[in-house]
Amino acid sequence: NGIISLVDLGLNHCFAGLGEEAVQWCDGLESYYDTSGDDVSYGKLTFQPSNLNNAGSVVDELSLLLTAGRLSTESRNTIINAYQSQGNNDDALRIAQKLLASTPEFHSTTLFNSKTESRA
């Protein structure tokens, strides 16, 4: 998905990214995450939260920027737990951005009401 590729690799066309053409693989990248010195990115995400060591603060900042603060408690807690389970701050921020971009709140412009009953 383009958003996942944007978080991981920056703006480029590799791995179904959001660049000028979508391709599944790119020559020149030594590995999926190693984009140092690559010549296929048009730009990279450079957001740095105010306190990378506080998962709740990071998720709240991302929520404010990407969902206008509408992130549900359930989604927030899921993202915080995933953030805390990562080995380093770079990986933690990347997983938080990807998970937040997969929430219903990111994909809507109004409040999301979760329902427990099944659809007919």
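Buried, in this tour, means under 20% relative accessible area, exposed means over 50%, and partly exposed covers the range in between. The model on display is a predicted one.

**The whole chain**

Begin with the full chain in a cartoon representation. The protein has 4 helices and 0 strands, and its pattern along the sequence reads α-α-α-α. Colour the 120 residues by accessibility: 35% of them count as buried. On a surface representation, the protein exposes about 7500 Å², with carbon and sulfur atoms supplying 49% of that area. A contact map offers a further view: of the contacts between residues at least 6 apart in sequence, 45% join residues at least 24 apart.

**Helix 1 and its partner**

Next, select residues 2–9, which make up helix 1. Which residues of helix 1 are buried? They are Gly2, Ser5, Val7, Asp8 and Leu9. Add residues 89–100 to the selection, since the buried residues of helix 1 pack against helix 4, which spans that range. Then step just past the end of helix 1 to glycine 10, where the backbone takes a positive phi of about 85°.

**The charged network on helix 4**

Show the side chains of aspartate 8 and arginine 94. These two form a salt bridge in which the closest N and O atoms are 3.7 Å apart. Aspartate 8 belongs to helix 1 and arginine 94 to helix 4, so the pair ties together parts that are 86 residues apart in sequence. Are these two side chains buried or exposed? Aspartate 8 is buried, because its relative accessible area is 7%. Arginine 94 has a relative accessible area of 19% and is therefore also buried under the 20% cut-off.

Keep arginine 94 selected and add aspartate 91. This second salt bridge has its closest N and O atoms 2.6 Å apart. Aspartate 91 and arginine 94 are 3 residues apart in helix 4, which means that about one helical turn separates them. An α-helix has 3.6 residues a turn, so residues three or four places apart point the same way. Aspartate 91 has 28% relative accessibility and so counts as partly exposed. Extend the selection to Lys98: salt bridges that share partners join Asp8, Asp91, Arg94 and Lys98 into one network.

**A salt bridge between helices 2 and 3**

Move now to arginine 76 and aspartate 60. Their side chains meet in a salt bridge with an N to O distance of 2.7 Å. This pair links distant parts of the chain, with arginine 76 in helix 3 (residues 73–84) and aspartate 60 in helix 2, 16 residues apart. Arginine 76 is partly exposed, with a relative accessible area of 26%, and aspartate 60, at 38% relative accessibility, also counts as partly exposed. The protein's count of salt bridges comes to 4.

**A buried glutamate without a salt bridge**

Select glutamate 105, in the segment after helix 4. Which side chain of opposite charge is nearest to glutamate 105, and how far away is it? It is arginine 70, at 6.8 Å, and glutamate 105 is buried yet has no salt bridge. A salt bridge requires the nitrogen and the carboxyl oxygen to lie within 4 Å. Display the backbone of serine 72 as well: its nitrogen lies 3.1 Å from a polar atom of the side chain of glutamate 105.

**Isoleucine 79 and its surroundings**

Return to helix 3 and pick isoleucine 79. At 2% relative accessibility, isoleucine 79 counts as buried. What is in contact with isoleucine 79, leaving aside neighbours within four places in sequence? The contacts are Val59, Leu71, Ala96, Leu99, Leu100 and Thr103. For a distance label, choose the C-alpha atoms of isoleucine 79 and leucine 99, which are separated by 6.4 Å although the residues are 20 apart along the chain.

**A nonpolar patch on the surface**

Finish on the outside with Ile3, Leu11, Leu18 and Tyr42. These residues form a nonpolar patch on the surface, with about 350 Å² of accessible area together. Among them, leucine 18 is found in the loop between helix 1 and helix 2, the latter spanning 55–67. Leucine 18 has 47% relative accessibility and therefore counts as partly exposed.

Definitions and conventions:
Residues are numbered from 1 along each chain as its sequence is written. This is a predicted model: local features need pLDDT of at least 70, side-chain atom pairs count only at pLDDT 80 or more; totals for chains, interfaces and linings use all residues. Side-chain values use heavy atoms; hydrogens and water are left out. Patches are made of residues with over 30% relative accessible area and no salt bridge: like charges are joined within 9 Å, nonpolar side chains (Val, Leu, Ile, Met, Phe, Trp, Tyr) within 5 Å. Accessible areas come from the Shrake-Rupley method with a 1.4 Å probe; for residues, only the protein chains shown count as cover. Helices (H or I, at least four residues) and strands (E, at least two) are DSSP runs, numbered from the N terminus. Buried means under 20% relative accessible area, exposed over 50%, partly exposed in between (1.4 Å probe, protein chains only). Contact means heavy atoms within 4.5 Å. Lys and Arg count as positive and Asp and Glu as negative; His and the chain ends are not counted. A polar contact is a pair of N or O atoms within 3.5 Å; within protein, one must be able to donate a hydrogen and the other to accept it, and residues adjacent in sequence count only if both atoms are side-chain atoms.
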